[in-house]
Amino acid sequence: MKMQFTYNIFLIGFMGSGKSTVADYLCEKFDMDVVEMDQVIAERERMSISDIFEKHGELYFRDLETKLLVELQEKTNTVVSCGGGAAMRECNVTEMKKNGKVVLLTAKPETILERVENNHDRPLLENNKTVAYIAELMEKRREKYEAAADMIIETDGKSAQKICEEMIQRLGEQ
Ligand code: S3P
């Protein structure tokens, strides 16, 4: 019998911090459902994230994120891989915390750059793929990320398995 969670786990953090990889691993290891926020939004809009930003603007996308997080309140035993900007709105974090633990994944800007280099569906990073840009945006977001987090896990040099083991152990201690 695989373990079931009575709550949800919200993975937050910068683009390329490993949220999707960790979410997939958790889903495989435990009997959890996975919600990849960007994927759900792109499917609903029938458009890539880049096209949503280009055609409707960032605010439109941010409102879709908020709406989806409210809907997710109906779920349990679900791991939610949040878009990197989702924890910037206080009301989003309030939704996450209603029935979830918020786990912040962090990585050094150099690690992030390596992970996102070949991806072209991150409009905020397109044409901005430098360590300096990533470090600056990360620093701007740091306070809100940390305030939202029930737990912070550094991911540099760690496998998905190691990150998940650390998370499960610490969730058990909380
Ligand atoms: C964003 C992160 C992306 C996506 C959008 C905006 C951000 O998600 O939601 O491009 O503001 O950090 P990932 O963190 O899954 O790449």
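Three aromatic pairs turn up in this structure, which is a predicted model. Start with Phe-5 and Phe-30: their ring centres sit 5.6 Å apart with 85° between the planes, making the pair edge-to-face. In sequence terms these two partners are 25 residues apart, so to speak a link between distant parts of the chain. Phe-5 belongs to the segment before strand 1 (8-12), while Phe-30 is in the loop between helix 1 (19-29) and strand 2 (33-36).

Are Phe-5 and Phe-30 buried or exposed? Phe-5 is buried, at a relative accessible area of 7%, and Phe-30 is buried too, at 14%.

Next come Phe-53 and Phe-61. Here the centres are 5.1 Å apart and the planes meet at 45°, so this one counts as tilted. Both rings are tucked away from solvent by the numbers: Phe-53 is buried, and so is Phe-61.

Here are the four phenylalanines with their accessibility values:

| Residue | Relative accessible area | Status |
|---|---|---|
| Phe-5 | 7% | buried |
| Phe-30 | 14% | buried |
| Phe-53 | 15% | buried |
| Phe-61 | 3% | buried |

Each of these gets the buried label because the cut-off is under 20% relative accessible area.

Now for Tyr-7. Which residues does it join through ring pairs? Tyr-7 is in a cluster with Phe-5 and Phe-30, held together by ring pairs. Tyr-7 also has a charged neighbour: Lys-101 lies over the face of the ring, 5.8 Å from its centre.

Terms used: Residues are numbered from 1 along each chain as its sequence is written. This is a predicted model: local features need pLDDT of at least 70, side-chain atom pairs count only at pLDDT 80 or more; totals for chains, interfaces and linings use all residues. Side-chain values use heavy atoms; hydrogens and water are left out. Rings of Phe, Tyr and Trp (its six-membered ring) pair if their centres lie within 6.5 Å; planes under 30 degrees apart count as stacked, over 60 as edge-to-face and the rest as tilted. Helices (H or I, at least four residues) and strands (E, at least two) are DSSP runs, numbered from the N terminus. Buried means under 20% relative accessible area, exposed over 50%, partly exposed in between (1.4 Å probe, protein chains only). A charge sits over a ring if NZ of Lys or CZ of Arg is within 6 Å of the ring centre and within 35 degrees of the ring normal.
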